[in-house]
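I'm opening a fresh page for this one. The plan is to look up the overall make-up, then one sheet, then a few residues.

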Amino acid sequence: METYTKLTVLKHTYPRLVVALGMFDGVHIGHQSIIRRAVELARSIDGKCLVFTFSNHPRAIFAPDSLPPVISSARLRQQHMEELGVDLYMAIPFTREFAKHSPEDFLAMLQSHFAPRYVVTGPNYTFGCKGKGSDRTLLREAHNYGFQAEICPAVLRDGRPVSSTRIRRLILAGDLATAEDFLGRPFTVLGRVIHGDQRGRTIGFPTANLVIPDDRVMLPNGVYAAEVIYEGQHYLGLANIGNNPTFEGCNRRLEVNLQGFHADIYDRLIEVRFRAKLRDEIKFPSVEALVTQMHKDKAHVTQLAQKWQLR
C-alpha cells in the first residue's frame with residue numbers, strides 16, 4: 001500500500017480511482033463496510049482504491065478541549081487499511097486553511113487531484129466549511145464533478161449505528177467482548193517497547209513495557225489475557241494496565257509478559273490484542289503473593305487461549 005502525508009495529484013498515475021472518504025478511527029465494522037465496497041468497485045473497473053482522510057481530527061483545530069480520544073494509532077490504522085486491500089492511503093493534516101474550503105471547493109479538489117470514478121462514504125460524512133456538505137450534497141453534485149457517489153448504509157448493533165463514540169465508551173467501561181464485535185477484531189495497542197523498572201525479571205515474569213499516550217482511549221486498570229504479535233509471530237500474553245501498586249512510584253503503563261519469549265525487544269514494535277479481563281489490579285501484601293497470583297493468571301491465559309486461533 002502506498003501512503004501519502006500531503007495532498008498529491010494521483011489522477012495521471014492512477015486514471016481509474018475509487019475514493020473512500022472518512023476519518024476511520026478504529027476502522028470498525030462500519031468503516032470496513034465502506035472500505036470493502038470501495039475496494040470492490042476498484043477491482044470491478046481494474047482500478048485502485050484510495051482512502052482519503054486526515055491525520056488529525058478536525059476538532060484538534062477548532063475545539064481541542066473536546067477532542068475525542070483516539071482508538072487506533074496512525075500506524076495501526078494504516079495496517080488495518082492494508083489488510084482490507086486498500087491500494088493508496090492519503091492522510092493529510094487538517095488545517096484552518098483547509099477548513100475554509102466550501103463543499104464545492106472540496107469536490108473540486110477531489111476532481112482535480114484524483115478524478116475518481118466513484119466516491120464511497122457513510123451516511124454521517126460531512127465536508128466543507130463548517131461541515132455544510134453531507135451525503136445528500138455528495139449524491140446531488142457527484143455528476144457535476146465526473147464521478148458516481150455511493151453512500152453505504154450504517155452497520156447496526158442493538159438497532160443503533162456502530163460508531164467510534166460507542167466503541168470508546170465500551171473500551172473505557174472494559175466491555176471487551178462488545179468492543180471486539182463492533183471493531184471486528186480485538187481491541188489492539190501497537191507500540192514500541194520502552195525500558196521499564198526491570199522488576200519483572202527479578203520475579204520470573206519479564207515484561208515488555210509500552211507507554212499509554214494521553215490521547216488514546218484505554219481499558220480500565222487490570223490484568224488481561226492477550227495475544228501479542230512480534231515480527232509476524234503470535235505469543236500468549238499476560239498484560240497489566242495500571243500503576244503496579246505492589247511497587248510504589250510507578251506511572252500508568254501497559255506491561256505484558258510474553259509466554260515462552262526471552263529476546264531483547266527494546267524499541268521494537270509489538271502488537272497487543274486484548275482478549276479477556278482476568279481480574280482487577282490490586283496491591284498485594286508481598287512480592288511472593290504477587291508471584292503466586294501471576295502464576296495463576298498465566299495458567300488462566302493458557303486455558304483461555306485454547307479457543308484462540310494463534311497463527
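**Strand 5, strand 6 and outward**

I started at valine 119, whose bridge partner in strand 6 is alanine 149. That is one piece of a parallel pairing between strand 5 and strand 6, which comes to 4 bridges. Note to self: this is a predicted model.

How do the two strands connect? I find helix 6 (residues 135-141) between them, and strand 5, helix 6 and strand 6 make a right-handed β-α-β unit.

**The whole chain**

I stepped back for the bulk numbers. The protein chain has 311 residues, and 50% of them count as buried. I get 10 helices and 14 strands for its secondary structure. The C-alpha trace spans about 70 × 40 × 40 Å along its principal axes.

The accessible surface comes to about 15,400 Å², with 49% of that on carbon and sulfur atoms. I also looked at contacts with a separation of 6 or more: 75% of them are between residues 24 or more positions apart.

**The sheet**

Which strand order does the open sheet have? I read 1-4-3-2-5-6 for its 6 strands, with parallel pairing. Strand 1 (2-4) and strand 6 (148-151) are the edge strands, each pairing on one side only. On average, neighbouring strands are turned by 20° against each other, direction ignored.

I then went through the pairings of strand 2. Strand 2 (residues 17-21) runs parallel to strand 3 (residues 48-54), and I count 5 bridges there. With strand 5, also parallel to strand 2, there are 3 bridges.

Valine 18 turns up in both pairings. Its bridge partner in strand 3 is cysteine 49, and its bridge partner in strand 5 is tyrosine 118.

I looked for what covers these strands and noted helix 1 (residues 29-44). Helix 1 lies across strand 2, strand 3, strand 5 (118-121) and strand 6, and runs at about 165° to strand 5.

**Side chains of strand 5**

Which way do they point? Tyr118 and Val120 go one way, Val119 and Thr121 go the other way, and all are buried. That is the textbook pattern, as side chains in a regular strand alternate between the two faces of the sheet.

**Leucine 139**

Back to the helix of the β-α-β unit: leucine 139 lies in helix 6. Buried or partly exposed? Leucine 139 is partly exposed, because its relative accessible area of 48% falls in the band between the buried and exposed cut-offs.

Leaving out residues up to four places away in sequence, I see leucine 139 touching Ala149 and Ile151. I also took a distance to leucine 219: 80 residues along the sequence, and 39 Å in space, C-alpha to C-alpha.

**Cysteines**

I searched the whole structure for disulfides and got 0. Cysteine 49, the strand 3 partner of valine 18, is in no disulfide, and the nearest cysteine sulfur to it is that of cysteine 152 at 11 Å.

Why is cysteine 152 not bonded to cysteine 49? The closest cysteine sulfur to that of cysteine 152 is in cysteine 49, and the 11 Å between them is too far for a bond. My cut-off for a disulfide is a sulfur pair within 2.5 Å.

I checked burial for both. Cysteine 49 is buried, with a relative accessible area of 0%. Cysteine 152 also counts as buried, because its 8% is under the 20% cut-off.

Key: Residues numbered from 1 in each chain as written. Heavy atoms only, no water. Pairing = 2+ DSSP bridges. Helix = DSSP H or I, 4+ residues; strand = E, 2+ residues; numbered from the N terminus. Axes fitted to C-alpha atoms, helices over the stretch in contact; angles between N-to-C directions. Contact = heavy atoms within 4.5 Å. Buried < 20%, exposed > 50% of the residue type's maximum accessible area, 1.4 Å probe, protein only. Right-handed = clockwise from strand over helix to strand, strands pointing away. Areas by Shrake-Rupley, 256 points an atom, 1.4 Å probe, with all protein chains shown as cover.
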